Structures are given as C-alpha cells and as structure tokens.
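Student: I would like to go through this structure by question and answer.

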Protein chains: 2
Amino acid sequence: MFREKIKVLDCTIRDGGLINKHDFDFKFVRAVYKALSESKIDYMEIGYKNSKKLFSDKEYGQWKFCDDDVINKVIEGIESDTKVSVMVDVDRVDIDDIKPRKESPVSMVRVACYVKDIDKAIYLANVFADKGYETTINIMAISRAPDNELTEAFHQLEEECKAGVIYLVDSNGALYQETTELLVKKAKGIIKTKEIGIHAHNNQQLAFANTIEAVIHNANYIDGTVYGLGRAAGNCPLELILGFLKNPKFDIRPVLELISKELIPLREKMEWGYIIPYAITGILDEHPRAAMALRNSEKKDDYREFYESLMGHGENQ
Amino acid sequence: MFREKIKVLDCTIRDGGLINKHDFDFKFVRAVYKALSESKIDYMEIGYKNSKKLFSDKEYGQWKFCDDDVINKVIEGIESDTKVSVMVDVDRVDIDDIKPRKESPVSMVRVACYVKDIDKAIYLANVFADKGYETTINIMAISRAPDNELTEAFHQLEEECKAGVIYLVDSNGALYQETTELLVKKAKGIIKTKEIGIHAHNNQQLAFANTIEAVIHNANYIDGTVYGLGRAAGNCPLELILGFLKNPKFDIRPVLELISKELIPLREKMEWGYIIPYAITGILDEHPRAAMALRNSEKKDDYREFYESLMGHGENQ
C-alpha cells in the first residue's frame with residue numbers, strides 16, 4: 001500500500017502515559033523520538049497539554065503537561081523531520097498554555113472528545129488553528145456514538161471546524177473490520193474537505209486489521225505505538241504498520257532496535273497487550289476501566305467471574 | 001454473525017504440540033476436551049497420526065501418534081457433542097494406523113499438504129473417506145502457493161476428492177485481509193460442492209481478522225486455539241471467535257476458565273504469541289523456522305540484526 005498522502009503518527013508516549021501517570025524517563029522519551037526520526041515517522045505525539053490548575057505536577061509526570069521547554073530538550077540535537085504533536089482533552093486544557101505556533105516546538109494539536117462534546121472540541125480546534133497549528137479532532141468511543149449524533153457531528157465538523165483531520169477513535173477496542181468500514185465510509189461521505197484518521201485499540205487483536213481496513217477505505221492518518229504500548233490492551237503496533245506500508249521513505253529497523261533495547265525491558269515493569277479481561281471488555285464494547293481495576297486486584301486472572309459480572313451488571317442492561 | 005453452517009474446530013493440542021514435541025500432560029488434554037465440550041465447540045483436533053516407523057515414541061509425546069486407546073481415555077466419562085479430529089501429514093502416516101471409522105473414537109481426519117503434494121493428499125483423503133471418516137484437506141503455506149498451481153489443485157479437489165472441506169492454511173502468518181478475501185473467493189469460485197475452511201497464524205496479529213474475513217466470504221470451517229496456543233506466533237484465539245460468533249449454542253465461559261486455570265500457568269513454561277521475530281517472518285512471508293531458531297539462541301531479542309539477516313539472505317533473493 002503506497003499512497004503518499006498516508007501519514008503515520010506515533011503516540012507511544014501519549015497513550016502509554018495513561019498506564020503510568022505519564023511518568024516515563026526523559027531518556028526513554030528521547031530514545032523514542034530518535035528512533036521515530038530515523039524511521040521517518042511523520043508525527044510523534046509526546047503527551048497531553050493538561051492544565052496544571054486541574055492536575056498536580058507532583059502526582060503526574062511531565063508528559064501530562066508537555067511544557068515547551070521540556071519538548072525542546074527532547075528534540076535538541078536530533079536530526080529529524082518528525083513533527084511533534086500534543087493532545088488536549090476538552091475541559092482539561094488551559095488555552096493560554098498553548099503559545100502561538102511560531103514560539104513553540106509543537107506542530108500539531110489534537111483535540112480529543114466524545115461525540116456529545118463536539119461543539120467544545122470544534123471551538124478549541126479553531127482556536128489552535130488560529131494560533132497556527134495543524135489541528136485534528138479525535139472522536140473517542142466511536143463504537144458507542146449514537147448514529148444520529150455522529151451524523152450531526154460530522155456535518156458540524158465539515159462546516160464549522162478548521163481542523164484538517166477527523167480521527168475515529170475505537171477507545172473500547174470493540175470495532176470489527178465491517179464496522180470500521182462502515183464508519184470510515186460514513187465519515188468520508190459527509191466530511192469532504194478534511195482527511196479521516198483512525199486510532200485503534202487492540203483488545204480483540206484487531207487494531208492493526210482495523211487500521212488496514214480504514215486505510216483501504218481512504219483514511220490517510222493512522223496512529224500506532226511502538227510494540228503496541230498503550231493503555232490496557234494497547235494500540236496498533238507501529239512496526240506492523242511499517243511492515244505493511246510500502247512507502248520507501250519508512251525504515252522499520254530503528255523501531256525494531258528500539259523495541260529490543262527499550263520496550264522489552266519496559267514490558268517487565270508495565271503491563272499492556274492481549275490480556276483476557278481487556279478482550280472481554282472489547283467483546284462487550286465497554287470501556288476498559290473495569291478490566292484495569294481487575295488487573296490491580298487479587299482476582300486479576302479470574303476471567304470467568306469477571307465476564308459474568310459484566311454480563312450481569314453491564315451499563316447496557 | 002450467526003450462520004448455522006459455521007463449524008468451529010479447536011486445534012490447541014495439535015498445533016501447540018509443534019512447540020513441545022507433542023508432550024502435553026494427559027490431564028491438560030482432558031481439561032481442554034472437557035472445556036471445549038462445555039463450550040459446545042464442534043471439533044477438537046487432538047494431535048497427529050504419525051507413523052511410529054518414522055518417529056520414535058521415545059523422542060515425541062503421545063499426541064504425535066494419537067493411538068485410539070489414548071483418545072478413548074481422554075474422552076471417557078465426559079458428556080460431549082464435540083467430535084474428535086486428528087491430522088495426518090502426507091508421507092508421514094501409516095494408512096493402516098487409521099482403523100475403520102466405526103472402530104475408532106475419531107470422527108474426522110484432516111490431511112495436511114503443500115500444494116505440490118495435492119495428488120498424494122487427495123489419495124489419502126479418499127482412503128480415509130472410504131473408511132467412513134469426515135475428511136478435509138489443509139493446504140499449507142497458501143500465501144506462497146503459485147497461482148496456477150493453486151488453480152489446478154482447486155479443480156482437482158473439486159473433481160477427484162471426497163473430502164468435505166478444503167482448508168486454506170496461512171502457515172507463515174503472511175496474509176492480509178485483502179489476500180484472504182482473494183483466496184477464499186478463488187476457492188469458492190472453483191470448489192462448488194465442498195466447504196472452505198481457514199486456519200490462520202498470528203504473526204502479524206491478523207489471525208482473528210483473517211478468520212473473520214474468510215467467514216464474511218463464506219468460509220464455514222474455522223480453526224482456533226485456546227489463548228492462541230500454537231507454534232511460533234500461535235493461532236487465532238478461540239475465545240475471540242466465540243465472542244464474535246452469535247450462534248447461541250456456544251458458551252465462552254468454560255474456555256475463559258480454562259485459560260485462567262491452565263493456559264496462564266502454561267505460558268510461563270512455553271513460548272508463543274506476538275513476538276517480534278515471528279512478526280518479521282510474517283511480514284516477509286517466510287516460514288517461522290529461522291525465528292524459532294533465533295528464539296532458542298542468545299540473540300533472541302536482536303530484532304534488527306535478525307531482520308537484516310533475512311533481508312540479505314532470504315529464499316527469494
């Protein structure tokens with residue numbers, strides 16, 4: 001698959017930070033940036049821009065706030081065409097923390113929201129676009145978005161929003177290929193002047209497959225993380241994306257080396273990947289939070305009981 | 001997806017046996033049979049029928065030979081509608097080891113072959129069909145089969161073979177959804193009077209996705225293994241298949257319990273799953289044997305070097 005418009009965004013540090021309160025070692029983050037730069041990945045999302053008025057920087061690591069001077073230290077002296085991205089959540093960002101583009105090492109600001117908050121997200125994306133940034137809106141929990149609300153949101157995005165890319169985010173890891181196809185086609189049918197992106201979670205081992213499916217149906221922005229690092233079941237593995245895409249600019253080897261040197265040791269200390277409770281929440285189209293709580297309890301491997309508890313008390317009952 | 005014709009075959013013991021010389025504990029095999037029976041899985045493949053003239057039963061465990069009296073002890077006293085399957089390899093089976101169907105606990109004999117050996121496989125399948133068994137032919141390394149040879153093989157199977165099911169086997173874990181679709185459609189286009197099956201490997205985390213893809217295009221026999229246990233990257237996880245299929249006869253819970261009690265401890269002793277060298281052989285459409293050798297060496301985590309060695313010395317150069 002060689003389509004020059006396809007852009008690959010790595011969000012290893014941003015999504016992985018949801019496991020460890022954004023407390024990665026500085027050296028690790030710099031090693032990721034260096035490897036991604038050598039592999040010619042288009043974007044690296046380095047964390048969140050969360051307001052320090054809402055979250056304590058004593059409780060959370062620096063990748064929850066991503067001060068510009070910290071980012072400058074990460075990228076300093078590394079030859080790179082990889083652009084830096086940060087994510088903001090609706091209601092959790094202090095707009096003044098985002099300086100004008102030309103004063104910042106950041107190129108792209110991605111605004112995450114649920115479909116119900118689309119108006120707030122559009123407002124934020126437009127503010128950041130006006131500050132000079134590339135912007136995206138990432139619609140989370142897309143598998144749970146009511147169809148009529150999604151239709152309206154897509155129309156609003158097309159008509160009112162300056163963001164260049166609209167991402168479909170499978171937060172629950174619940175999508176199958178057919179649902180992915182349906183959602184991408186729906187988005188493309190309404191949103192004619194922007195690109196569509198896909199951010200998949202791997203609860204059912206379908207993150208890579210759903211990413212391919214989205215690409216086949218003309219999504220051009222795709223998210224991955226190194227070795228699939230990310231909350232709960234993790235994300236679409238970047239190395240598989242690089243094996244699939246045929247654009248000769250990409251080089252899989254620095255990412256393979258990064259996995260050997262950094263991710264394999266890290267996996268001994270942090271948990272993510274194909275783990276049955278996350279598969280269960282994916283199958284049931286639930287947020288992984290119940291499974292994350294289970295994995296921190298003594299019953300972490302009591303899968304049958306966990307399944308039965310969700311069947312009996314699910315949000316959908 | 002509820003299509004009554006879909007049959008699920010579990011080959012945990014048979015494919016997993018390729019990791020440990022078919023030396024599973026008897027108790028474990030019986031626990032698998034019990035759980036599959038409770039989950040209403042259609043078939044359990046319990047191992048190979050290999051000739052003891054060719055392989056020593058001192059070097060290999062009993063699931064490489066699957067004597068009928070051993071199988072009888074596995075299933076004894078367990079209420080079950082799950083049929084027992086065994087696999088034979090072309091040139092490795094002693095035909096006289098397969099008793100007439102009515103003298104045996106086995107219901108199905110599956111004949112595995114490469115496309116070049118299709119004539120031998122047809123001969124064997126016809127012999128076993130005449131002995132009263134359900135039979136299948138499983139075409140291995142389908143991603144590497146030359147298109148013209150595959151076309152001819154499909155015609156021969158349709159015209160000369162008594163097997164009820166023809167399986168497409170992605171031995172290398174190299175298929176993507178589009179290739180899977182193409183191959184299933186090709187098979188269905190020629191083989192009109194038999195069912196098509198899919199057996200996927202998980203090198204690129206696509207085993208489940210390719211199985212779904214095959215089902216969408218009317219493959220009705222699907223292979224899975226509990227927790228994906230199987231050689232190298234392993235197979236399509238049975239629990240994900242059960243989460244996807246909507247036939248109310250299936251019950252995922254006994255399989256979840258089996259994973260908790262048996263597979264999680266087993267994974268500490270045996271290695272399978274998403275491991276980068278297997279991903280690399282999948283991406284390059286190579287047999288996993290080089291990766292399996294790497295995993296038994298001191299360089300087991302030197303992924304970049306392994307990738308470069310395959311790029312420089314691959315069979316295709």
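The turns below deal with the chains, then the strands and helices, then single residues.

Student: What kind of model is this, and what pLDDT do local features need?

Tutor: Residues are numbered from 1 along each chain as its sequence is written, and chains are lettered from A and ligands numbered from 1 in the order in which they are written. This is a predicted model in which totals for chains, interfaces and linings use all residues, side-chain atom pairs count only at pLDDT 80 or more, and local features need pLDDT of at least 70.

Student: Which symmetry relation links chain B to chain A?

Tutor: Copies are superposed by least squares on the C-alpha atoms of residues with pLDDT of at least 70 in both. Chain B falls on chain A after a rotation of 180° with 0.0 Å of shift along the axis, at an RMSD of 0.0 Å. That is the relation of a two-fold axis.

Student: Do the copies meet through the same surface or different ones, and what share of the interface residues of chain B says which?

Tutor: Two residues are in contact if their C-beta atoms, placed from the backbone, lie within 7 Å. The contact takes 29 residues from chain B and 29 residues from chain A. The copies meet through the same surface, because the share of interface residues of chain B that are also interface residues in chain A is 100%.

Student: Which helix gives the most to the side of chain B that touches chain A?

Tutor: Helices (H or I, at least four residues) and strands (E, at least two) are DSSP runs, numbered from the N terminus. The contact has 29 residues on the chain B side, and the elements that each supply at least two of them are α7 (207-216), α8 (238-244), α9 (253-267), α10 (276-283) and α12 (303-313) of chain B. With six residues, the element that gives the most is α9(B).

Student: How far apart are the centres of the two domains of chain A?

Tutor: The bounds, which come from an automatic or database domain assignment, are 7-269 for domain 1 and 276-313 for domain 2 of chain A. Taken over C-alpha atoms, the separation of their centres is 26 Å.

Student: Which strand of chain B pairs with β4(B) over six bridges?

Tutor: Two strands pair if DSSP finds at least two bridges between them. Strand β3 (residues 83-89) of chain B is parallel to β4(B) and joined to it over five bridges, with Asp89(B) partnered by Ala112(B). On another pairing, Val109(B) has Thr135(B) as its bridge partner. The parallel strand joined to β4(B) by six bridges is β5 (residues 134-139) of chain B.

Student: Is β4(B) enclosed or open, and how many of its residues are buried?

Tutor: A residue is buried if 20 or more other C-beta atoms lie within 10 Å of its own, exposed if 12 or fewer, and partly exposed in between, with C-beta atoms placed from the backbone. Met108(B), Arg110(B) and Ala112(B) point one way from β4(B), and Val109(B), Val111(B) and Cys113(B) point the other way. Strand β4 (residues 108-113) of chain B is largely enclosed by the rest of the structure, because its buried residues number six of the six.

Student: Which residue stands opposite Asp10(B) in β8(B)?

Tutor: Strand β1 (residues 7-10) of chain B pairs in the parallel sense with strand β8 (residues 221-224) of chain B over four bridges. Opposite Asp10(B) in β8(B) stands Gly224(B).

Student: Why is α10(B) described as largely enclosed?

Tutor: Its buried residues include Ile276(B), Tyr278(B) and Ile283(B). After α10(B) comes Asp285(B), with a positive phi near 55°. α10(B) is largely enclosed by the rest of the structure because its buried residues number eight of the eight.

Student: Is Ile122(A) buried or exposed?

Tutor: Ile122(A) lies in helix α4 (residues 118-130) of chain A. Beyond its neighbours within four places in sequence, Ile122(A) contacts Gln156(A), Leu157(A), Glu160(A) and Cys161(A). With 21 other C-beta atoms within 10 Å, Ile122(A) is buried.

Student: Is Lys21(A) buried, exposed or partly exposed?

Tutor: Lys21(A) sits in the loop between α1 (12-16) and α2 (26-39) of chain A. Its phi is near 55°, a positive value in a residue other than glycine. Because Lys21(A) has 13 C-beta neighbours inside 10 Å, it counts as partly exposed.
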